[in-house]
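Let's take a walk through this protein together. Have the sequence and the 3D view open while you read.

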Amino acid sequence: MENMLHLAPSLARVPDCFIIPPDQLPPATTGVVSLPVIDMSGSHDEVCRAILDAGKEYGFFQVVNHGVPEQVMQDMEAVCAEFYRLPAADKAHLYSEDKTKPNRLFSGTTYNTGGDKYWMDCLRLACPVTVGDAGDATSDGWPDKPRRLREVFERFVAQSRGVGMQVLRLLCDAAGLRADYFDGELSRGDAILGVNHYPPCPDPAATLGLPPHCDRNLITLLVTGPVHGLEVLHAGEWVKVQHVPGAFVVNFGLQLEVVTNGMLKSVEHRVMTNAALPRTAVALFICPTEDCVVGPAEELVGDGGTPCYRALRFDEFKRIYATVKLGSALNLTTNLKNNQKADNIM
Ligand code: OGA
Ligand code: NI
């Protein structure tokens, strides 16, 4: 628990384990690139095309008019802030460094980093897909404070998962897959809710909140709040993501890259720290079931085409891609192809 950054007295200096060598921390290009902002209330065909274009060009986009009530978003933001303000004693039982625990509070990333540390605290909760329907039996092990946390989180998860599933259906239409392609075990694993909290950091130029990584799940929805931090790799440069109030940032996970046989890419992103303001971002990771075998869709490989990825069980995939190494995170995706091409067993 003493590792938790948000509970530590403010530090004058960042401990060495957080310092990232300058050659591994290329600055973002100046200026903020606005990711494509897609109005979900547009016509079906327009939205389909916009999602496919943005997905191919950036792998990241924002959606507005997504139908999740403003109150649900505001309650989520408020309860997350309340949670991190709770006294340490109310959170101590949630703290765990055991990566196999589905519900826990910890500091740093879930990836193996070989001892490097990142400037982030995280509350990570497993959300069975029935959340919201089956009452609190499904959310055992979730925090019991603040009192309204369960209710607010469950509503947020159910609603934002709905947006993710809608995006997937539109993508199917745009890409030539049947509309319910992702509705089964590809999206039926426990969704993971991550409440990422980045306290102000005394040395933002030498630290990262999250290392460059691709999400390993199917698709991710993010609510980033107004404080800057998220950067996306685009055309070889890091670009800052502009905050659009009320929007979800949507990005593709590696499982979607595999299913689409590389037509859609899971794009690397990272989180910068800042000295002035705490930042909180909420991520919902939609995931396949653990035993779901994920491989390229036949419809997208085509007759006589070559699958660019091996089919792997999702739990096996996560085990193989458990390590993030700064400066080489792109290999997360390329390895998969190279290994496949070289016919190696990973
Ligand atoms: C993540 C992630 C971005 C953020 O949790 O995988 O990329 O802004 N988060 O916290
Ligand atoms: Ni991510």
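What follows is a short tour of the ligand, its pocket and a few unusual backbone spots.

Keep in mind that this is a predicted model. The main attraction is ligand 1, and the space it takes up is the largest pocket. Taken alone, this ligand would expose 290 Å², but the protein buries 94% of that.

**Who surrounds the ligand**

- Twelve names are worth finding around ligand 1: Asn196, Tyr198, Leu210, His213, Asp215, Leu222, Leu230, His269, Val271, Arg279, Ala281 and Phe285.
- Sorted by class, this shell has seven nonpolar residues, three polar ones and two charged ones.
- Which strands each supply at least two residues of the shell? They are strand E6 (191–198), strand E7 (208–213), strand E12 (269–272) and strand E13 (279–286).
- E13 gives the most to the shell, with three residues.

**Polar contacts with the ligand**

- Tyrosine 198 has a polar side-chain atom 2.6 Å from an oxygen atom of ligand 1.
- For arginine 279, an N or O atom of the side chain is 2.9 Å from a ligand oxygen.
- Asparagine 196 joins in too, with a polar side-chain atom 3.0 Å from an oxygen of the ligand.

**The pocket itself**

- The largest pocket holds about 1,000 Å³ of space.
- Its lining is made of 44 residues, and those nearest the centre are Thr110, Arg124, Ile192, Arg216 and Lys318.
- Several elements give two or more residues to this lining: strand E4 (104–107), strand E5 (121–127), E6, E7, strand E8 (219–223), E12, E13 and helix H6 (314–320).
- E13 turns up again here, giving the most to the lining with four residues.
- If you split the lining by class, you get 19 nonpolar, 14 polar and eleven charged residues.

**Backbone oddities**

- Here's some background: most residues other than glycine have a negative phi, and most peptide bonds are trans.
- Where is the cis peptide bond that has an omega of about -10°? It joins lysine 145 and proline 146.
- To find proline 146, look in the loop between E5 and helix H3 (149–175).
- Asparagine 65 isn't a glycine, yet its phi is positive, near 50°. You'll spot asparagine 65 in the loop between strand E3 (60–64) and helix H2 (70–85).
- Asparagine 261 also has a positive phi, about 55°, although it is not a glycine. Look for asparagine 261 in the loop between helix H4 (254–259) and E12.

Notes:
Residues are numbered from 1 along each chain as its sequence is written. Chains are lettered from A and ligands numbered from 1 in the order in which they are written. This is a predicted model: local features need pLDDT of at least 70, side-chain atom pairs count only at pLDDT 80 or more; totals for chains, interfaces and linings use all residues. Side-chain values use heavy atoms; hydrogens and water are left out. A residue is near a molecule or strand if one of its heavy atoms lies within 4 Å of it. A polar contact is a pair of N or O atoms within 3.5 Å; within protein, one must be able to donate a hydrogen and the other to accept it, and residues adjacent in sequence count only if both atoms are side-chain atoms. Accessible areas come from the Shrake-Rupley method with a 1.4 Å probe; for residues, only the protein chains shown count as cover. On a 1 Å grid over the protein atoms alone, a cavity is a set of points where a 1.4 Å probe fits but cannot get out, and a pocket is an open set with protein on both sides within 12 Å along at least five of seven lines; lining residues have an atom within 4 Å of a point. A molecule sits in a cavity or pocket if more than half of its atoms lie within 2 Å of its grid points. Ala, Val, Leu, Ile, Met, Phe, Trp, Tyr, Cys and Pro count as nonpolar, Asp, Glu, Lys and Arg as charged, and the others, Gly among them, as polar. Grid points are joined across faces, edges and corners, and a volume is the space filled by probe spheres set on the points.
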